[in-house]
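Work through the exercises below with the sequence and the model open. Try each task before reading its solution.

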Amino acid sequence: MASATDSRYGQKESSDQNFDYMFKILIIGNSSVGKTSFLFRYADDSFTPAFVSTVGIDFKVKTVYRHDKRIKLQIWDTAGQERYRTITTAYYRGAMGFILMYDITNEESFNAVQDWSTQIKTYSWDNAQVLLVGNKCDMEDERVVSSERGRQLADHLGFEFFEASAKDNINVKQTFERLVDVICEKMSESLDTADPAVTGAKQGPQLTDQQAPPHQDCAC
């Protein structure tokens, strides 16, 4: 098995030269806030206005280059409906980052952010990084949640905040890049300090069963 530090932080794969690290990321939030469109815009640079509810969970893989490292992102698109909640929360374990999304034209989706945040704290590991994203900022005429309210809630929860539009491709790439950077920063901090408070009591991501070289550093 991998060492404790490596298993918690996107273990480096010595057997696969196609990437240096793999990060598991989940997009969560109420149904119809645009999670699937957000993922497709980022992964495929495509957008369709037709709404098709995600059944259970799906994912896409994208490799990015950050700070001279190849990082493979395994991005999971989760269903927002309550009846799928048991399925989707099972995938929280091992996730290194979350995009918690609401719809700026939907007050209910914004009010649900606190509950989603609680789910992250309950089912994920202690050091998972979270970005709060107000989607559909292209629909300014239908806005019911102000940017300031979104920012205040993010500050209260300790998350960074973006407003974005999958339709107009606003802040989609930037959101993912920032989340990857935050994960990398936390990796470096933990590997440098080996602080038990950083690694946390909960089991972190298990990305491989292969033996990892000890004391690996991330240059992120």
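**Exercise 1. Find the aromatic pairs and classify two of them.**

Step 1. Search the whole structure: six aromatic pairs turn up. Rings of Phe, Tyr and Trp (its six-membered ring) pair if their centres lie within 6.5 Å; planes under 30 degrees apart are stacked, over 60 edge-to-face, and the rest tilted.

Step 2. Take Tyr 42 and Phe 176. Their centres are 4.0 Å apart and their planes differ by 10°, a stacked pair. This pair links distant parts of the chain: Tyr 42 belongs to helix α2 (residues 35-44) and Phe 176 to helix α7 (residues 172-193), 134 residues apart. Helices (H or I, at least four residues) and strands (E, at least two) are DSSP runs, numbered from the N terminus.

Step 3. Check burial. Buried means under 20% relative accessible area, exposed over 50%, and partly exposed in between (1.4 Å probe, protein chains only). Tyr 42 is buried at 9%, and Phe 176 is buried at 0%.

Step 4. Now take Trp 76 and Tyr 91. The ring centres are 4.9 Å apart and the planes meet at 40°, so this pair is tilted. Trp 76 sits in strand β3 (residues 69-78), while Tyr 91 is in the loop between α3 (85-89) and β4 (97-103), 15 residues away. Trp 76 is buried at 11%; Tyr 91 is partly exposed at 27%.

Step 5. Look for a cluster. Phe 38, Tyr 42 and Phe 176 make up one.

**Exercise 2. Which lysines have their charged ends over the rings of Phe 40 and Tyr 42?**

Step 1. Set the test: NZ of Lys or CZ of Arg must be within 6 Å of the ring centre and within 35 degrees of the ring normal.

Step 2. Apply it. Lys 60 sits over Phe 40, with its charged end 4.5 Å from the ring centre. Lys 62 does so over Tyr 42, at 5.1 Å.

**Exercise 3. Decide how far to trust the model.**

Step 1. Note the ground rules. The model is predicted, so local features need pLDDT of at least 70 and side-chain atom pairs pLDDT 80 or more, while totals for chains, interfaces and linings use all residues. Residues are numbered from 1 along each chain as its sequence is written, and side-chain values use heavy atoms, leaving out hydrogens and water.

Step 2. Read the pLDDT, the predictor's confidence in each residue, from 0 to 100. The chain has a mean of 79, and 70% of its residues reach 70 or more.

Step 3. Mark the weak stretches. Residues 1-16 have pLDDT below 50, with 54 contacts beyond near neighbours in sequence. Residues 195-220 stay under 50 too, with 66 contacts beyond four places in sequence. A contact means heavy atoms within 4.5 Å.

**Exercise 4. Describe the fold and its core.**

Step 1. Count the elements: eight helices and six strands. Along the sequence they run α-β-α-β-β-α-β-α-α-β-α-β-α-α.

Step 2. Check the packing. Of the 220 residues, 52% count as buried.

Step 3. Find the core. A nonpolar core is a set of buried Ala, Val, Leu, Ile, Met, Phe, Trp, Tyr and Cys residues joined through side-chain atoms within 4.5 Å. The largest has 53 residues; Phe 23, Phe 38, Leu 73, Phe 98, Leu 100 and Leu 132 have the most contacts inside it. Helix α7 gives the most to this core, seven residues.

**Exercise 5. Which residues of helix α5 are buried, and which are exposed on its other side?**

Step 1. List the buried residues of α5 (residues 113-123): Val 113, Trp 116, Ser 117, Gln 119 and Ile 120.

Step 2. Find their arc, taken from the directions from the helix axis to the C-beta atoms. These residues cover only 155°, so they lie on the same side of α5.

Step 3. Turn to the other side of α5. Asp 115 and Lys 121 are exposed there.

**Exercise 6. Inspect three loop residues.**

Step 1. Place Ala 164: the loop between β6 (160-163) and α7. Ala 164 is buried, at 0%.

Step 2. List its partners. Beyond four places in sequence, Ala 164 contacts residues including Phe 38, Asn 135, Lys 136 and Ile 170. Asn 135 is 29 residues from Ala 164 in sequence, yet 4.8 Å away, C-alpha to C-alpha.

Step 3. Check phi. Asp 68 is not a glycine, but has a positive phi of about 65°. Asp 68 lies in the loop between β2 (57-66) and β3, and is exposed at 82%. Lys 136, also not a glycine, has a positive phi of about 70°. Its loop joins β5 (129-135) and α6 (147-157).
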